[in-house]
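Student: I should like to understand how the terms used for a protein structure are justified. Could we go through them one by one?

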Amino acid sequence: MLSKILSVGNKVELKKVANPIIDDLIEIGDSHKTYFSQIYDIMDDNRMKIGMPIEAGKVIPLEINFRYDCCFYTTNGLYQCRVVVVDRYKEGSIYVLVVETITELQKYQRRQYYRLGCTLDIRYRILDKHEFDEFMQTPDKEEYANRKPMEKGVALDISGGGVRFTSEREHKKNDEMFLLLEINYDGDEKIYGILGRIISCEELINKPGTYEYRVEYRNMQGGVREELIKYIFDEERKRRKRIIG
């Protein structure tokens, strides 16, 4: 079952949920802490090896017999299940955890996404009702959006569900827009054309004439969303390594 969905190298988020010795409803101190790792080996239908998380340059040997909620980033989307750590040891130069699934692996429709703070130049264009209808019926959406000049903005954070950015142009809540995100991922410059809707807007108190917008993605293809999530996951891990030095 595991090998049909998961692959070696898939990224993993682990969140401690409870000590199995006590009631599952009793939370312990760092039960909401999230650790990041990846799959090292798939042993059988219920067990796999994952790398021990690393924080501040130190290996985090997660406790044996403790349970964790896992979210797996695969090429076919996000999956989740609950696991228990059954062993831990060093294999060659890799510190590994052996985990065993205790719930079925299921597709995960994440409602909230981790936001990555950033400073990225973006381009966008507000679409009126007529333009929006035309846009939705046009196969080459990027070409259509570029037929007219695009506005400039600066993204302050991005996630798999939306983006927060500033602009010197004033727009309204519920305005539809097409925006271009350009990021460097795996050594390649990638440009994502994304349809979005403004869900909040406000003028910055300390910077009159500059407006902050929160935009949620609309009709985003699953593959694009997963690429963005993977980029955010990898960038966060790189930042942690840079802090470690």
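Tutor: The following exchange sets values from this predicted model against the definitions of the terms.

Student: What makes Cys71 count as buried?

Tutor: Buried means under 20% relative accessible area. Cys71 has a relative accessibility of 5%, so the residue counts as buried.

Student: How do you know that Cys81 is in no bond with the closest cysteine sulfur?

Tutor: A disulfide requires two cysteine sulfur atoms within 2.5 Å. The closest cysteine sulfur to that of Cys81 belongs to Cys70 and is 5.5 Å away, which is too far for a bond. Cys81 is also buried, since its relative accessible area is 6% and the limit is under 20%.

Student: How many disulfides does a search of the whole structure find?

Tutor: The search finds zero disulfides. Cys71, for instance, is in none, and its nearest cysteine sulfur, in Cys70, is 8.8 Å away; the cut-off is 2.5 Å.

Student: Why are Phe165 and Tyr213 called an aromatic pair, and why is the pair called tilted?

Tutor: Ring centres must lie within 6.5 Å to pair, and these two are 5.3 Å apart, centre to centre. Planes under 30 degrees apart count as stacked and those over 60 as edge-to-face, with the rest tilted. The angle here is 35°, and therefore the pair is tilted.

Student: Where in the chain do the two partners lie, and are they buried or exposed?

Tutor: Phe165 belongs to strand S12 and Tyr213 to strand S15, 48 residues apart, so the pair links distant parts of the chain. Phe165 is buried, at 0% relative accessible area, and Tyr213 is buried, at 0% relative accessibility. Both residues belong to one aromatic cluster, together with Tyr124 and Tyr211.

Student: What makes the charged end of Lys16 sit over the ring of Phe66?

Tutor: The charge must be within 6 Å of the ring centre and within 35 degrees of the ring normal. The charged end of Lys16 is 5.4 Å from the centre of the Phe66 ring, which satisfies the distance limit, and it is assigned as sitting over that ring.

Student: How do you know that S11 and S12 pair?

Tutor: Two strands pair if there are at least two bridges between them. Four bridges join S11 to S12, so the two strands pair, and they run antiparallel. Val154 stands opposite Thr166 in S12, and the two strands form a hairpin with three residues between them.

Student: In what order do the strands close into a barrel?

Tutor: Six strands close into the barrel in the order S10-S11-S12-S15-S14-S13, with antiparallel pairing. The twist from one strand to the next averages 45°.

Key: Residues numbered from 1 in each chain as written. Predicted model: local features only at pLDDT ≥ 70, side-chain atom pairs only at ≥ 80, totals over all residues. Heavy atoms only, no water. Axes fitted to C-alpha atoms, helices over the stretch in contact; angles between N-to-C directions. Buried < 20%, exposed > 50% of the residue type's maximum accessible area, 1.4 Å probe, protein only. Phe/Tyr/Trp six-rings, centres within 6.5 Å; stacked < 30°, edge-to-face > 60°.
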